[in-house]
Amino acid sequence: MNVLASKKQLRASFLRWALFLVPLILLIGFAAGQLGGPDTPWFAGLEKPAIYPPPAAFGIVWTILFVMIGLSLALVASAWGASGRGLALVVFALHFIGTQAWTGVFFGLQDMNAALAVLAYGVISLLVALVLIWRVRRVAGLLLLPYLAWLCFASALNYQFIAANPDGGQHGASGAETRVEL
């Protein structure tokens with residue numbers, strides 16, 4: 001016998017992994033989002049680039065991407081016995097945890113240059129992870145391509161914020177103003 005598991009068993013394994021990984025990825029993304037946000041006086045005072053999408057788009061896009069990431073990882077995790085499965089999962093985990101720092105760096109620390117470096121790490125490490133994931137399950141790699149495209153767009157947007165705000169914005173701005181009339 002040369003079959004390790006039936007199609008039904010493989011499907012059940014994928015579903016179990018998906019039921020675990022999709023909520024986990026959403027939870028990690030939500031938790032990272034709590035490290036800062038666009039509703040600060042500092043961000044409100046920044047010049048917005050022309051490519052800046054409506055703020056509501058970010059929540060929609062990230063939710064869809066996180067679901068796709070979870071499904072992609074479930075495909076890899078359920079590929080029992082596949083060569084490189086463990087390495088692909090570890091490399092992606094390192095990538096994902098590292099990129100979740102972007103919100104805290106950009107909004108929390110108000111450091112656009114360091115945030116761009118986080119995104120550069122994200123794009124490069126995702127490319128490495130994609131190669132490894134592609135070797136395990138091509139469909140899993142395809143599910144991550146929109147995420148790669150969004151990280152590239154986020155990098156361009158982050159760079160445009162730096163170009164439009166060379167002074168970095170008013171750091172630590174509280175939104176309070178003091179006016180003195182003589």
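This report describes the fold and the two largest pockets of a predicted model.

## Overall fold

The protein contains seven helices and zero strands, giving the pattern α-α-α-α-α-α-α along the sequence. Of its 182 residues, 38% are buried.

Contacts between residues at least 6 apart in sequence are mostly long-range: 81% of them join residues at least 24 apart. The accessible surface comes to about 10600 Å², and carbon and sulfur atoms account for 69% of that area.

## Largest pocket

The largest pocket has a volume of about 800 Å³. It is lined by 32 residues, of which Phe58, Trp62, Trp102, Thr103 and Phe107 are the closest to its centre.

Four helices each supply at least two lining residues: helix 1 (7-33), helix 3 (55-77), helix 5 (102-108) and helix 7 (138-164). Helix 7 provides the largest share, with eight residues. By residue class, the lining of this pocket comprises 21 nonpolar and eleven polar residues, with no charged residues.

## Second largest pocket

The second largest pocket has a volume of about 180 Å³. Its lining draws at least two residues from each of helix 1, helix 3 and helix 4 (85-99).

The residues lining this pocket are Trp17, Leu21, Leu24, Ile25, Ile28, Leu73, Ala77, Leu89, Phe92, Ala93, Phe96 and Ile97. The lining consists of twelve nonpolar residues, with no polar and no charged ones.

## Helices and the two pockets

Helix 1 and helix 3 each supply at least two residues to the lining of the largest pocket and at least two to that of the second largest pocket.

Terms used:
Residues numbered from 1 in each chain as written. Predicted model: local features only at pLDDT ≥ 70, side-chain atom pairs only at ≥ 80, totals over all residues. Heavy atoms only, no water. 1 Å grid on protein atoms, 1.4 Å probe; cavity = no way out; pocket = protein on both sides within 12 Å on 5 of 7 lines; lining within 4 Å. Points joined across faces, edges and corners; volume = space filled by probe spheres on them. Nonpolar A, V, L, I, M, F, W, Y, C, P; charged D, E, K, R; others polar. Buried < 20%, exposed > 50% of the residue type's maximum accessible area, 1.4 Å probe, protein only. Contact = heavy atoms within 4.5 Å. Areas by Shrake-Rupley, 256 points an atom, 1.4 Å probe, with all protein chains shown as cover.
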